[in-house]
Amino acid sequence: MIIIAGLGNPGPKYQGNRHNIGFMAVDGIARRWSFGPERAKFQSVIRECDVETPQGSVKVLLMKPQTYMNESGRAVGEAARFYKIQPSEVIVFHDEIDLAPGRFRMKTGGGAAGQNGVRSMISQVGADFRRARMGVGHPGESHLVMPHVLGDFAKADQPWLEAMLNAVADALPFALAGDDERYQAEVMRLAPAPKFSPRQAAQRGE
């Protein structure tokens, strides 16, 4: 079994936030692969499905923790312990301000880099889970980070956002088969990132 967790905050207030791109990714995966109905378990909204991969069928548990971002690890850790899942069998989709909008990177292990949901995950399941890092860009100044990630995606973001959400869902079998390098490459092939950095724009005073 593979656990796929999207990080975000529950409730309509946060639905369109950059911080909720992990929830958006999980919803897109559920639609693409016809997951079963949503239900409540492990302090989360979960869905289940068997997904075909190049190495055969893989059982997947999709999770949207309802604990709020900063406590995401409690929910995922509960599920991982219940199913006796290793960190390498956990894939976490989350926003990444250190990547330009539309960039996508897979990474295993490492620190939290200021992402409180990732920090919570590390505290509950260890550092060696797999991170699907979805770039939302940096606002340019550290004091602007919180309003940036808790702000909604702009209308101009929608083309690259929709393309990336479709790509992470379409290419998913490569990740489920354990080939994160191929998965990352396929996502970026399907959804090339726009050549725009809000950090650079902020530095130019735009």
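Two strands are said to pair if DSSP finds at least two bridges between them, and in this predicted model one such bridge sets Glu-52 against its partner Ser-57 in strand 4. Strand 4, which spans residues 56–65, is paired with strand 3 (residues 44–53) in the antiparallel sense over ten bridges, and with strand 1 (residues 2–6) in the parallel sense through four bridges. The briefing below follows the strands, then the nonpolar cores and helix 7, and finally the cavity and three loop residues.

**Strands and their pairing**

- A hairpin of two residues connects strand 3 to strand 4, and the ten antiparallel bridges between these two strands include the one that joins Glu-52 to Ser-57.
- Strand 4 is mostly covered, since seven of its ten residues are buried, a term that here stands for under 20% relative accessible area.
- Strand 1 runs parallel to strand 4, to which four bridges join it, and it also pairs with strand 5 in the parallel sense, again over four bridges.
- Ile-3 takes part in both of these pairings, for its bridge partner in strand 4 is Leu-61, while in strand 5 it stands opposite Val-90.
- Strand 5 (90–96) is mostly covered as well, with seven of its seven residues buried.
- On to strand 7 (130–135), strand 5 is joined by six bridges in a parallel arrangement, and within that pairing Glu-96 stands opposite Gly-135.

**Nonpolar cores**

- The largest nonpolar core holds 43 residues, and the members that touch the most others are Ile-4, Phe-93, Phe-104 and Tyr-183.
- Helix 5 (residues 158–170) provides the largest share of this core, namely seven residues.
- A second core, separate from the largest one, consists of 20 residues, including Leu-7, Phe-42, Val-92 and Val-118.
- As background to both cores, nonpolar side chains in soluble globular proteins tend to be buried together.
- When neighbours within four places in sequence are left aside, Phe-104 is in contact with Phe-93, Ala-132, Arg-133, Met-134, Met-164, Val-168, Tyr-183, Gln-184, Val-187 and Met-188.

**Helix 7 and its surroundings**

- Helix 7 covers residues 180–190, and its buried residues are Asp-180, Tyr-183, Glu-186, Val-187 and Met-188.
- These buried residues of helix 7 pack against strand 5, strand 6 (104–108), strand 7, helix 5 and helix 6 (172–176).
- Gln-184 also lies in helix 7, and, not counting residues up to four places away in sequence, it touches Phe-104, Arg-105 and Met-106.
- Although Gln-184 and Ala-132 are 52 residues apart along the chain, their C-alpha atoms are separated by 8.6 Å.

**The cavity**

- A search of the whole structure for cavities of 30 Å³ or more finds one, and the largest cavity contains about 30 Å³ of space.
- Its lining is made up of Val-26, Asp-27, Glu-38, Val-45, Ile-46, Arg-47, Leu-62, Met-63 and Lys-64.
- Helix 1, strand 3 and strand 4 each contribute at least two residues to the lining of the largest cavity, so that the paired strands 3 and 4 appear here again.
- By residue class, the lining of the largest cavity divides into five nonpolar, no polar and four charged residues.

**Loop residues**

- Most residues other than glycine have a negative phi.
- Ser-34, by contrast, has a positive phi near 55 degrees; it is placed in the loop between helix 1 (21–32) and strand 2 (39–41).
- Because its relative accessibility is 58%, Ser-34 counts as exposed, the threshold for that class being over 50%.
- Lys-84 likewise has a positive phi near 55 degrees, and its place is in the loop between helix 2 (72–83) and strand 5.
- With a relative accessibility of 69%, Lys-84 therefore counts as exposed.
- Thr-67 lies in the loop between strand 4 and helix 2, and its relative accessible area of 11% means that this residue is buried.
- The contacts of Thr-67, not counting residues up to four places away in sequence, are with Gln-43, Ser-72, Arg-74 and Ala-75.
- Thr-67 and Leu-7 are 60 residues apart in sequence, and 9.9 Å apart in space from C-alpha to C-alpha; Leu-7 belongs to the second nonpolar core.

Key. Residues numbered from 1 in each chain as written. Predicted model: local features only at pLDDT ≥ 70, side-chain atom pairs only at ≥ 80, totals over all residues. Heavy atoms only, no water. Core = buried A, V, L, I, M, F, W, Y, C linked by side-chain atoms within 4.5 Å. Buried < 20%, exposed > 50% of the residue type's maximum accessible area, 1.4 Å probe, protein only. Contact = heavy atoms within 4.5 Å. 1 Å grid on protein atoms, 1.4 Å probe; cavity = no way out; pocket = protein on both sides within 12 Å on 5 of 7 lines; lining within 4 Å. Points joined across faces, edges and corners; volume = space filled by probe spheres on them. Nonpolar A, V, L, I, M, F, W, Y, C, P; charged D, E, K, R; others polar.
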